[in-house]
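Here is a short tour for anyone meeting this protein for the first time. Keep the 3D view open and follow along.

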Amino acid sequence: MVKDILYSPPGRAISNMVTTFGSGVLCGAVVTDITVDGKLVWRNIFSSETALITLILFGLATAYYIGMYNVDVINDAVLKNYQDKNALIAMLRKGYLKTLIKRANKGIKKGDFSELPTIDEVMKGEYSHDKHSHNKPSQTKDTTAN
């Protein structure tokens, strides 16, 4: 649940804004904390609480962005299946094949072959001769057009 929120597009946008703004503020605070008489004293960075907080938040942000990268890698691998037209057609056919087999078995048991789609209808995506089916485009005139 939390992962879905954090890695969603709005969650990513908010995290980017917070980390960008927060890192600027914290880095400015670290510089202010280690500045003595207008000069940076770098040895003070090891005793600065602000630098420690900045380092901890940097580690948390790094862990978050590594997780985001891993989610992106997984999503890209899944989306590659949808870039290949033949793979998409195969997935669609596989999904509808079970429905077609059930319908064919019912028709064969009844001896009624009229509702079985032809291979051309399957290729076009027309799976039913039912007049209430929404598989075919509507032949009625669009009354919402001006």
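Helices here are DSSP runs of at least four residues and strands are runs of at least two, both numbered from the N terminus. On that count the protein has five helices and two strands. Bear in mind that this is a predicted model.

**The overall layout**

Start at the N terminus and walk along: the elements come in the order α-α-β-β-α-α-α. The protein has 146 residues, and 16% of them count as buried. As for contacts with a separation of 6 or more, 39% of them are between residues 24 or more positions apart.

**A trio of tyrosines**

Now for the aromatic rings. A pair of aromatic rings is described by how far apart the centres are and by the angle of the planes. How many aromatic pairs are there? The count comes to two. In one of them, the ring centres of Tyr-7 and Tyr-64 are 5.3 Å apart with the planes at 15°, so this pair is stacked. It brings together distant parts of the chain, since Tyr-7 sits in the loop between α1 (2-6) and α2 while Tyr-64 belongs to helix α3, 57 residues apart. The other pair is Tyr-64 with Tyr-65: here the centres are 5.2 Å apart and the planes stand at 70°, so the rings meet edge-to-face. Put together, Tyr-7, Tyr-64 and Tyr-65 make one aromatic cluster.

Are these three tyrosines buried or exposed? Tyr-7 has a relative accessible area of 19%, so it is buried, and Tyr-64 is buried too, at 13%. Tyr-65 comes out at 28%, so it counts as partly exposed. The cut-off helps here: buried means under 20% relative accessible area, and exposed means over 50%.

**One salt bridge**

The structure has one salt bridge. Its partners are Asp-72 and Arg-12, whose closest N and O atoms are 2.6 Å apart. Asp-72 is in helix α3 and Arg-12 is in helix α2, so the salt bridge ties together parts of the chain that are 60 residues apart in sequence. Arg-12 is buried, with a relative accessible area of 18%, whereas Asp-72 is partly exposed at 27%.

**Two more residues of α3**

Helix α3 also holds Thr-54 and Ala-51. Thr-54 is buried, because its relative accessibility is 17%. Leaving out residues up to four places away in sequence, Thr-54 touches Leu-26 and Val-30. Ala-51 is buried as well, with a relative accessible area of 13%. With the same neighbours in sequence left out, Ala-51 touches Val-30 and Ile-45. There is also a distance worth finding in the viewer: the C-alpha atoms of Ala-51 and Cys-27 are 8.0 Å apart, although their positions lie 24 residues apart along the chain.

**Accessibility side by side**

Here are some of the residues met so far, plus one that comes up at the end.

| Residue | Relative accessible area | Class |
|---|---|---|
| Tyr-7 | 19% | buried |
| Tyr-64 | 13% | buried |
| Tyr-65 | 28% | partly exposed |
| Arg-12 | 18% | buried |
| Asp-72 | 27% | partly exposed |
| Asp-37 | 77% | exposed |

**The largest pocket**

Next, some empty space. Rolling a probe the size of a water molecule over the atoms shows where such space is left. The largest pocket has a volume of about 320 Å³. Which residues lie nearest its centre? Out of 14 lining residues, they are Thr-19, Ser-23, Leu-57, Phe-58 and Ala-61. Both α2 (9-34) and α3 (49-80) give at least two residues to the lining of the largest pocket, and α2 has the largest share, with seven. By type, the lining has nine nonpolar residues, five polar ones and no charged ones.

**A loop residue to finish**

Last stop: Asp-37, found in the loop between β1 (35-36) and β2 (39-40). Its phi is near 55°, a positive value in a residue other than glycine. Asp-37 has a relative accessible area of 77%, so it is exposed.

Conventions. Residues numbered from 1 in each chain as written. Predicted model: local features only at pLDDT ≥ 70, side-chain atom pairs only at ≥ 80, totals over all residues. Heavy atoms only, no water. Buried < 20%, exposed > 50% of the residue type's maximum accessible area, 1.4 Å probe, protein only. 1 Å grid on protein atoms, 1.4 Å probe; cavity = no way out; pocket = protein on both sides within 12 Å on 5 of 7 lines; lining within 4 Å. Points joined across faces, edges and corners; volume = space filled by probe spheres on them. Nonpolar A, V, L, I, M, F, W, Y, C, P; charged D, E, K, R; others polar. Phe/Tyr/Trp six-rings, centres within 6.5 Å; stacked < 30°, edge-to-face > 60°. Salt bridge = Lys/Arg side-chain N within 4 Å of Asp/Glu carboxyl O. Contact = heavy atoms within 4.5 Å.
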